[in-house]
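Work through the exercises below with the structure in view. Each task is followed by its solution.

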Amino acid sequence: DMVLLVVDATKGMQTQTAECLVIAEMTTRNLIVVLNKIDMFPEEEREERVKMAERKMRMALRGTKFEDAQMVGISACVGGEKV
């Protein structure tokens, strides 16, 4: 079993993210942090902004069993929601 913790890279750790992290700690040993919406960062700043989001998540994961969790940046819907 595994948890994919999907986090808005532009907002970082939110209340609901922390709640999901607590549930993950109780239910699994495996977690991957998925930093979503990286396409919202300007292309010329994207690499550095993703690294910053990763650093912030590492700080949020400190003290949990997921301190060394892998992280991946994605854009689930490039350009924002299309309805």
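**Exercise 1. Place Leu4 and state whether it is buried or exposed.**

Step 1: Leu4 belongs to strand β1, residues 3-8 (strands are DSSP E runs of at least two residues, helices H or I runs of at least four, numbered from the N terminus). The model is predicted: local features need pLDDT of at least 70 and side-chain atom pairs pLDDT 80 or more, while totals for chains, interfaces and linings use all residues. Residues are numbered from 1 along each chain as its sequence is written, and side-chain values use heavy atoms, without hydrogens and water.

Step 2: Leu4 counts as exposed because its relative accessibility is 54% (buried is under 20%, exposed over 50%, partly exposed in between; 1.4 Å probe, protein chains only).

**Exercise 2. Describe the sheet that contains β1.**

Step 1: The sheet is open, with 3 strands in the order β1-β2-β3 and parallel pairing (two strands pair if DSSP finds at least two bridges between them).

Step 2: β1 and β3 (70-73) each have a single partner strand, so one side of each lacks a neighbour in the sheet.

Step 3: On average, neighbouring strands are turned by 25 degrees against each other, direction ignored (axes are lines fitted to C-alpha atoms, for helices over the stretch in contact; angles run from 0 to 180 degrees between N-to-C directions).

**Exercise 3. Which strand pairs with β1 over 6 bridges?**

Step 1: The partner is β2 (residues 31-36), in the parallel sense.

Step 2: Leu5 has Val33 in β2 as its bridge partner.

Step 3: Helix α1 (residues 15-27) packs on the sheet and touches β1 and β2 (contact means heavy atoms within 4.5 Å). The direction of α1 makes about 170 degrees with that of β1.
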